[in-house]
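Me: Got a minute to go through a model with me? I'll paste it here.

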Amino acid sequence: MSTATPLPKFDITAEEIDQLVALFYKRIRWHPMLGPIFARAIAEEDGPEWRAHEAKIAAFWRNAVGLDRAYDGNPMRVHVENPDVRPGMFSTWLDLFHITAAEVLSPEKAANMSALAERIGQGLRYGVTQRGQVRGAPPVLR
Ligand code: HEM
């Protein structure tokens, strides 16, 4: 049996998560397809509502990587209940996330965060395809 201390799930700091989240949502605000959806849900203009959103998302990621447990939300419900969020948008969201992670983080940390985002994104996308579906009915894929 090994007596070594288990490694933390991800070797990433809260500061690195803050940098990633700030740049990612800056790009989201400018994005032609995703920007308007977030503008409607959060705020048209950059400002305090966006800082609050980024703080919530940073807490979500700190929770996801095991840094702390401050996040208390339900991402599945948020996405399923927002009819603007379509299954076909997830690959665009994830591509933007991957590009940004690769810019902000070391290659290893970027790969870990990107893989985690893909896993979570798959779950959310599936939830969105099932929204409003009668059990057994075909999923809505676009
Ligand atoms: C099609 C792609 C996506 C779109 C259009 C989208 C859109 C949104 C919007 C508009 C909100 C704000 C809801 C509100 O505050 O009223 C939100 C919240 C959030 N999103 Fe996404 N999202 C997408 C994918 C993802 C993915 C892949 C993740 C995680 C890997 C994610 C994580 C979150 C989290 C954690 C929240 C906060 C939930 C809460 O209120 O606790 N989103 N999203």
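What follows is a chat about the fold, the ligand site and one lysine.

Me: What should I know before reading numbers off this?
Reply: It's a predicted model: local features need pLDDT of at least 70, side-chain atom pairs count only at pLDDT 80 or more, and totals for chains, interfaces and linings use all residues. Residues are numbered from 1 along each chain as its sequence is written, and side-chain values use heavy atoms, with hydrogens and water left out.

Me: OK, how many helices and strands does the chain have?
Reply: Six helices and zero strands, in the order α-α-α-α-α-α along the sequence. Helices (H or I, at least four residues) and strands (E, at least two) are DSSP runs, numbered from the N terminus.

Me: And what box do the C-alpha atoms fill?
Reply: Roughly 50 × 40 × 25 Å, taken along the principal axes.

Me: Switching to the ligand. How many residues surround it?
Reply: There are 22, and the closest are F38, K56, Y71, H79 and W93. A residue counts if one of its heavy atoms lies within 4 Å of the ligand.

Me: Which helix gives the most to that shell?
Reply: That's α3, with five residues. Helices supplying at least two residues each include α2 (34-41), α4 (75-81) and α6 (107-129).

Me: What's the shell like by class?
Reply: 15 nonpolar, six polar and one charged. Here Ala, Val, Leu, Ile, Met, Phe, Trp, Tyr, Cys and Pro count as nonpolar, Asp, Glu, Lys and Arg as charged, and the others, Gly among them, as polar.

Me: What donates to the iron atom of the ligand?
Reply: A single protein donor, NE2 of H79, 2.0 Å away. H79 lies in helix α4. Donors are N, O and S atoms within 2.8 Å of the metal (3.2 Å for Na, K and Ca); water is not among the atoms, so sites may look incomplete.

Me: Which polar contacts reach the ligand's oxygen atoms?
Reply: The side chain of Y71 puts an N or O atom 2.5 Å from a ligand oxygen, and a polar side-chain atom of K56 lies 2.8 Å from an oxygen of the ligand. A polar contact is a pair of N or O atoms within 3.5 Å; within protein, one must be able to donate a hydrogen and the other to accept it, and residues adjacent in sequence count only if both atoms are side-chain atoms.

Me: New topic: is K109 buried or exposed?
Reply: Buried, because its relative accessible area is 18% and buried means under 20%, exposed over 50%, partly exposed in between (1.4 Å probe, protein chains only). K109 is in helix α6.

Me: What does the side chain of K109 pair with?
Reply: The backbone oxygen of D11, 3.4 Å from a polar atom of that side chain.
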